[in-house]
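Could you pull up the model and look along with me? I have jotted down a few points for you.

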Amino acid sequence: MDLPKVSCVITTYHESAKKYLDECIKSAQLLEYPKDKLEIILVTKQGYAPVYDGVKTIAPPEEKYFTARGVNYGIEHSDPESQFILYANDDVIFTKSCLINMVMAIGEQKVVANALSPCDNGIAY
């Protein structure tokens, strides 16, 4: 099956939450999805630019921003080939199969969906 391109937009605000962000990014990198079809975008505040392999880190021009602005900024900077946007805050742990399950469930439908999973303390990733 030819899977569509997906951009995963993750927002982060507080440097004090970096340990959660590290786990979030790690789980995004371990998603069971073709790496050439997955773009991970990290939206941060100005002056805070954590670096992760394979992750595009960007910051809106304003010093402070809120969730909607961060998500929109990430979408504006996503690959135009992406057919899906997966959004998460920096404290989300993705289960390995959540993205493929979401893409398969949506199929050709025109919907807005968000991947949700029960907290499992990282066991599924």
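The points below follow one strand and its neighbours, then a residue in the loop after it.

1. A friendly reminder to begin with: this is a predicted model. Please start at strand S2, residues 38–43, which is mostly covered, with six of its six residues buried.

2. Next, consider the side chains of S2. In a regular strand they alternate between the two faces of the sheet. Here Leu 38, Ile 40 and Leu 42 point one way, while Glu 39, Ile 41 and Val 43 point the other way, and all are buried. Glu 39 is thus worth a look among them, being buried as well.

3. On one pairing, S2 runs parallel to strand S1 (residues 6–11), and six bridges join the two. Within this pairing, Ile 10 has Leu 42 of S2 as its bridge partner. Between S1 and S2 the chain passes through helix H1 (residues 18–29), in a β-α-β crossover that is right-handed.

4. S2 also pairs with strand S3 (residues 55–58), again in the parallel sense, over four bridges. In this pairing, Val 43 is found opposite Ile 58 of S3.

5. Now for the loop between S2 and S3, where Thr 44 sits. Is Thr 44 buried or exposed? Its relative accessibility is 1%, so Thr 44 counts as buried, the cut-off for that being under 20%.

6. What surrounds Thr 44? Leaving aside residues up to four places away in sequence, Thr 44 touches Thr 12, Ala 49, Pro 50, Thr 57, Ile 58, Ala 59, Pro 60 and Tyr 65. In addition, a polar atom of the Thr 44 side chain lies 2.6 Å from the backbone oxygen of Tyr 48.

How values were computed: Residues are numbered from 1 along each chain as its sequence is written. This is a predicted model: local features need pLDDT of at least 70, side-chain atom pairs count only at pLDDT 80 or more; totals for chains, interfaces and linings use all residues. Side-chain values use heavy atoms; hydrogens and water are left out. Buried means under 20% relative accessible area, exposed over 50%, partly exposed in between (1.4 Å probe, protein chains only). Two strands pair if DSSP finds at least two bridges between them. A crossover is right-handed if, with the strands pointing away from the viewer, the path from the first strand over the helix to the second runs clockwise. A polar contact is a pair of N or O atoms within 3.5 Å; within protein, one must be able to donate a hydrogen and the other to accept it, and residues adjacent in sequence count only if both atoms are side-chain atoms. Contact means heavy atoms within 4.5 Å.
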